[in-house]
Amino acid sequence: MSARGEPLRVGRWRWVSVTEMAQRGEEFERMPPHDVAAEQCVLGGMLLSKDAISDVIEVIRPTDHYRPAHQIVHEAILDLYARGEPADPITVSNELSRRNELARIGGAPYLHTLIASVPTAANAGYYAKIVRERAILRRLVEAGTRIVQFGYAGDSDADDLVDRAQAEVYAVTDRRIAEDYHPLSEIMPQALEEIEAIGAHGGGISGVPTGFADLDALTNGLHPGQMVVVAARPAVGKALALDTPLPTPDGWTTMGAVQPGDYLIGADGKPVKVTAATEVMHGRPCHEVEFSDGTVIVADAEHQWRTTTRAARRQASQEVRTWYRPEKSRTCLRDACAAALAEPDRPVTAAEVLGAVGKEFATTLRTAGSAVGVIATRIPQVYMRNGKPYTWKAPAYASRHALLTGMVQRADRCAGDWSRDDHPSIFTTREIAATLRTGTDNRPNHAVAVVSPAQFPEAELLIQPYTLGAWLGDGNTAAARITSVDPEIIAEIESEGYVAVRQQNSIAYALRLPEPEHRSRTCAVCGKEFTPKAPQVRTCGQSCGGKLRGNQWQDRSGFPSLPACRSCRKPTMGGDWCGKCYLKEGNLRALLRRVGVLGNKHIPAEYLRASEMQRRALLAGLLDTDGYVSKSGQVQFAVTSQRLAHDTRELILSLGYQASMTTKTVPGRTPESSTCYTITFTPGDPVCRLPRKLVRQRAVVHPKNKTRYITDVRPVGTVPVRCVEVDNADNMDPDAQLGSGLGLRPVCDNQAWIADRGVLA
């Protein structure tokens with residue numbers, strides 16, 4: 001029967017309108033919310049960088065991916081990461097093959113497709129947020145479907161159904177709540193039992209004691225089934241041998257002697273305060289760490305070092321950078337982005353963007369647009385065809401600001417940046433030992449950088465630093481004399497206020513203190529004005545001097561009647577100094593004796609702790625007289641005095657240079673003078689003042705001259721060790737930085753220096 005009660009005729013048909021046809025639900029035509037491109041970028045970033053894995057695991061889980069293949073890859077990466085193994089296309093492919101799941105993801109080539117799809121691994125955390133949002137939307141759809149089923153089923157009370165519906169909605173926001181929290185009814189019985197057990201023991205420890213009273217008070221001992229994680233801030237548990245020397249602003253101390261409140265030298269060259277120091281620790285596995293300059297330092301297995309690996313250095317050395325687009329096009333894109341950001345945000349079509357920046361950015365637009373997303377509403381666009389306007393609705397991206405910003409980021413990315421790895425810079429002694437050498441040539445893998453020059457305040461020095469350096473290089477060890485064929489060196493000495501008197505028919509110069517200035521005075525006899533050549537002279541000439549007797553000296557010009565010593569102001573026999581003060585400070589030889597270098601050439605401690613400018617002047621004096629500069633800019637200083645050689649090396653290292661020292665046998669009068677010590681380094685700035693040596697220096701040096709390599713790590717059993725904590729301005733790890741040789745250089749993850757004098761033993 002029809003709707004009007006008329007019988008329907010079988011086999012007859014009629015026309016019907018579209019409105020009379022049954023409409024299919026839109027839910028059958030919709031896809032669940034997902035973003036395959038974001039999922040691919042997340043997995044590609046995890047395959048490129050270990051840091052990206054740590055960023056992603058804090059945001060999403062494998063089940064948050066829409067594609068099952070992506071869930072499988074994510075689980076394999078997490079398993080490798082949990083075992084401490086690298087996660088890259090090769091290792092992940094091997095792991096999936098072992099599980100017989102490689103074919104389910106599309107084979108090994110799909111892993112390389114994931115890497116090629118990610119713009120940069122640094123944004124993996126942001127891609128993970130997109131995946132998480134889509135996963136929440138899918139769970140919301142699933143929750144809505146279940147709520148609809150609750151309503152149609154009606155198998156419970158209405159209030160119970162409402163509670164169940166609310167629980168489904170709350171579970172959508174974050175499913176990790178169930179992992180972190182438990183109902184109070186589940187945990188209270190166990191807590192009450194623990195309280196009763198403590199009371200039964202009279203407040204004592206009911207578990208296994210650890211030996212640490214404070215820890216036992218917190219944990220009540222260790223109990224079966226518990227997992228107790230003992231953590232500490234950096235520098236706690238990392239230690240060095242007690243005899244490791246530490247540089248201070250005043251000299252040296254050792255790891256065993258340093259106390260809280262003392263000051264060490266920071267990696268920036270400035271003093272840092274020791275805020276804490278541990279007790280001496282025993283029974284810790286230790287290693288000897290040897291560097292390419294021969295230095296050996298003893299550290300425990302968990303001591304952290306700041307190093308660079310060979311792969312990181314090779315990647316950093318690739319300074320030639322190219323871009324996919326020319327600078328003019330990228331400037332146009334940046335200008336368009338700046339103009340868009342100055343206006344309110346709105347949806348935008350691809351045609352509008354390409355019309356502003358050029359069609360060459362079409363690929364960049366599609367890549368950036370996949371992260372922005374397309375809105376459901378289309379925007380009408382008018383275009384001309386055969387002279388007639390036509391209107392059509394074009395898809396539009398959700399945000400003009402986000403789209404252009406993403407395009408600028410991708411356009412400014414250099415070619416090959418997507419394949420750059422993030423290399424770690426902190427390694428423990430055990431990790432360095434495991435990765436000591438690399439490559440088919442078995443080269444050292446780890447290197448440490450040379451630190452900045454040490455910064456000390458300007459010191460009051462008895463002898464100017466350049467003059468002392470020149471005397472240490474080519475001076476007479478028993479007198480204030482210097483030998484030189486370069487007039488420029490003599491001019492530098494005289495510029496510091498000294499007088500250089502050349503010996504007759506010789507290239508030797510006697511160094512003297514400047515003569516005091518004598519003011520004009522009035523003759524004691526005739527009253528004429530004259531300038532005396534000595535402070536005891538009171539008359540203008542011999543005739544007046546003969547007329548003046550000793551008992552007739554008068555003070556007519558304001559000068560004392562009798563000459564006085566310039567230092568102690570006591571009467572003298574007529575000179576500027578009394579006999580005692582002359583021997584003490586009245587001549588340059590006396591000053592050399594006071595400094596302690598007369599007859600014993602070395603660099604005094606106060607000069608090694610002088611300001612950077614003073615230490616550079618001292619080094620210039622040494623190199624101008626006894627140094628050599630090769631055509632390649634390499635500087636050498638050779639001397640037969642072992643003490644002066646080690647002091648000079650410490651001076652060079654404290655100025656931020658890498659220096660090595662070698663020895664060779666030479667003819668000498670004594671066994672001590674039969675060994676020549678040669679110090680070699682390559683500076684990147686001027687260290688000499690002599691023009692013929694200065695012109696050979698190079699302004700640019702090879703990066704290897706700014707690093708030292710770790711050549712060996714040997715286990716030595718256990719030795720007493722200790723660690724300190726310093727107050728760093730940059731909030732880095734407060735453990736002590738290590739130095740080598742007689743100088744200072746950082747190799748750990750904190751910002752203090754430690755220098756090793758073991759090469760002197």
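Student: With which residue does arginine 334 form a salt bridge?
Tutor: This is a predicted model in which local features need pLDDT of at least 70 and side-chain atom pairs count only at pLDDT 80 or more, while totals for chains, interfaces and linings use all residues. Residues are numbered from 1 along each chain as its sequence is written, and side-chain values use heavy atoms, with hydrogens and water left out. A salt bridge is a side-chain nitrogen of Lys or Arg within 4 Å of a carboxyl oxygen of Asp or Glu. For arginine 334 the closest N and O atoms are 2.8 Å apart, and the partner is glutamate 327.

Student: How far apart, N to O, are the side chains of arginine 330 and glutamate 327 in their salt bridge?
Tutor: Both residues lie in helix H12 (residues 327-341), where they are three residues apart and therefore separated by about one helical turn; helices (H or I, at least four residues) and strands (E, at least two) are DSSP runs, numbered from the N terminus. Their side chains meet in a salt bridge, and the N to O distance is 2.8 Å.

Student: Is arginine 330 buried or exposed?
Tutor: Buried means under 20% relative accessible area, exposed over 50%, and partly exposed in between (1.4 Å probe, protein chains only). Glutamate 327, at 41%, is partly exposed, and arginine 334, at 28%, is partly exposed too. Arginine 330 has a relative accessibility of 7%, which means that arginine 330 counts as buried.

Student: How many residues apart in sequence are the parts tied together by glutamate 302 and arginine 430?
Tutor: These two residues form a salt bridge whose closest N and O atoms are 2.0 Å apart. Glutamate 302 lies in the loop between strand E7 (296-300) and strand E8 (304-306), whereas arginine 430 lies in helix H16 (residues 429-434), so the pair ties together parts whose separation in sequence is 128 residues.

Student: What is the relative accessibility of arginine 430?
Tutor: Its partner glutamate 302 counts as partly exposed, at 35% relative accessibility. Arginine 430 also counts as partly exposed, and its relative accessibility is 43%.

Student: How many salt bridges and how many disulfides are counted?
Tutor: By the salt-bridge rule the count comes to 26. A disulfide is a pair of cysteine sulfur atoms within 2.5 Å; cysteine 286 is buried at 2% relative accessible area, whereas cysteine 332 counts as partly exposed at 33%. The two counts are thus 26 salt bridges and zero disulfides.

Student: In which loop does asparagine 100 lie?
Tutor: Asparagine 100 is not a glycine, yet has a positive phi of about 60°. Asparagine 100 is exposed, with a relative accessible area of 67%. Its place is the loop between helix H4 (89-98) and helix H5 (108-117).

Student: Near what value is phi of asparagine 442?
Tutor: Asparagine 442 is found in the loop between strand E14 (437-438) and strand E15 (443-444). This residue counts as partly exposed, at 45% relative accessibility. Its phi is positive although the residue is other than glycine, and the value is near 60°.

Student: Which helix holds aspartate 160?
Tutor: Aspartate 160 is partly exposed, with a relative accessible area of 41%. The residue is found within residues 158-173, the run that forms helix H7.
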